[in-house]
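Subject: Structure handover

Hello,

Here is the structure I said I would pass on. Please open it next to this email and follow the notes below.

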Amino acid sequence: MRKLRRIAILVIVTAMLLGACNGGAGRRVDSGEIVVPEMSSEDLIVSSLEYLLQDDEESAEEAVESSEEESQDVEETDEETEDHGEAGLESVQPEQVFAPEGNEAVIYYGNAGSYDLKQEMIQLEEKTADELLGALAKHNIVSLDTKVLSFEEKETSGERMLHLELSRAVSEYLKTMSKEAECIILASLVNTFLENYDADGVYIVVDGEPLHTKNAEYAEALSRCTPEELLERITLIEEIDKEEEPQETEPAGAESEELGEETYGTDQ
């Protein structure tokens with residue numbers, strides 16, 4: 001709009017200058033009752049420039065005011081964002097556990113690149129041991145052919161204990177894993193079942209026997225744990241087993257026979 005106004009003013013000024021040149025300096029223009037006062041070409045140019053300068057000053061002031069308002073709006077928006085961000089950090093923590101309700105379930109899983117277990121809230125048709133195992137299989141925590149043979153919940157000395165019997169496929173699957181991967185798998189399995197059944201421990205059995213892998217035997221109930229804690233446990237058991245291994249000793253009498261031979265040789 002301002003550009004159009006400026007162009008219109010320049011057109012008017014040009015037309016008036018041409019009229020002034022054709023009619024002489026002393027003429028007046030009458031148009032009905034309206035009388036256009038006599039103005040020289042210099043007065044017209046000065047007046048037009050003053051108007052344009054005034055318009056530019058007003059535009060500059062408006063631009064400054066608009067810029068200040070935008071800056072104020074940006075600052076207020078940043079403050080609101082910062083406040084909401086702090087509130088969000090307080091309400092949702094990275095390691096926060098959401099208690100499952102109804103057919104909701106919490107699944108723990110990890111990968112070989114990190115000992116940090118991830119959590120995922122899922123919706124099941126029915127919360128059962130088979131459904132939980134199937135959800136874990138989607139994250140490669142167990143093999144797809146691993147089956148639940150039996151599952152029981154028992155109260156033992158005031159504690160809620162789970163008895164989970166799995167098919168032999170879980171043992172075969174763990175044999176292909178490193179010690180670190182085994183700890184991630186077992187921690188994910190244990191924490192998933194304990195979290196969803198609000199239990200204190202779980203016994204893992206394979207074909208009627210405690211779970212046994214190439215790295216360790218899990219005859220006792222496993223409680224909530226991290227992969228690092230399981231790894232420390234396995235390492236400690238390995239160190240104890242090494243200390244208890246009998247050291248190789250020479251057969252009794254071997255030394256005396258050697259001495260006898262030496263003596264016999266001396267007598268000769």
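Leucine 162 stands opposite valine 202 in β7. Methionine 161 also has a partner in β7, where it stands opposite glycine 201. Keep in mind that this is a predicted model.

The two strands involved are β6 (residues 159-166) and β7 (residues 201-206); they run parallel and are joined by six bridges. As background, strands of a sheet pair through backbone hydrogen bonds, and the pairing may be parallel or antiparallel.

β6 is also joined to β5, in this case by eight bridges, and β5 and β6 run antiparallel. One of the pairs here is glutamate 152 with histidine 163, the latter being in β6. β5 and β6 form a hairpin, with two residues between the strands. Serine 157 sits in that turn and has a positive phi of about 55°.

What is the order of the strands in the sheet? The order is β5-β6-β7-β8-β9, and these five strands form an open sheet with mixed pairing. β5 (148-156) and β9 (217-218) are the edge strands, each of which pairs on one side only.

Next, the helices. Helix α5 lies across β5, β6, β7, β8 (209-212) and β9, and runs at about 130° to β6. α5 also packs against helix α6 (residues 227-244), at an angle of about 125° and with the axes 8 Å apart. An angle between 115 and 145 degrees counts as oblique, and therefore α5 and α6 are oblique to each other. Their crossing is right-handed. On the α5 side, the residues that meet α6 include Lys179, Ile184 and Ala187. On the α6 side, those that meet α5 include Pro227, Leu230 and Glu238.

Last, one residue to look at closely: serine 188, which is found in α5 (residues 179-197). Is serine 188 buried or exposed? Serine 188 counts as buried because its relative accessibility is 0%, and buried means under 20%. A polar atom of the serine 188 side chain lies 2.8 Å from the backbone oxygen of isoleucine 184. Leaving out residues up to four places away in sequence, serine 188 touches Tyr108, Tyr109, Gly110, Leu117, Leu136 and Ile141.

Regards

How values were computed: Residues are numbered from 1 along each chain as its sequence is written. This is a predicted model: local features need pLDDT of at least 70, side-chain atom pairs count only at pLDDT 80 or more; totals for chains, interfaces and linings use all residues. Side-chain values use heavy atoms; hydrogens and water are left out. Helices (H or I, at least four residues) and strands (E, at least two) are DSSP runs, numbered from the N terminus. Buried means under 20% relative accessible area, exposed over 50%, partly exposed in between (1.4 Å probe, protein chains only). A polar contact is a pair of N or O atoms within 3.5 Å; within protein, one must be able to donate a hydrogen and the other to accept it, and residues adjacent in sequence count only if both atoms are side-chain atoms. Contact means heavy atoms within 4.5 Å. Two strands pair if DSSP finds at least two bridges between them. Axes are lines fitted to C-alpha atoms, for helices over the stretch in contact, and angles run from 0 to 180 degrees between N-to-C directions. Angles under 35 degrees count as roughly parallel, over 145 as roughly antiparallel, 65 to 115 as roughly perpendicular and the rest as oblique. A crossing is left-handed if the near helix is turned anticlockwise from the far one by less than a right angle, and right-handed if clockwise.
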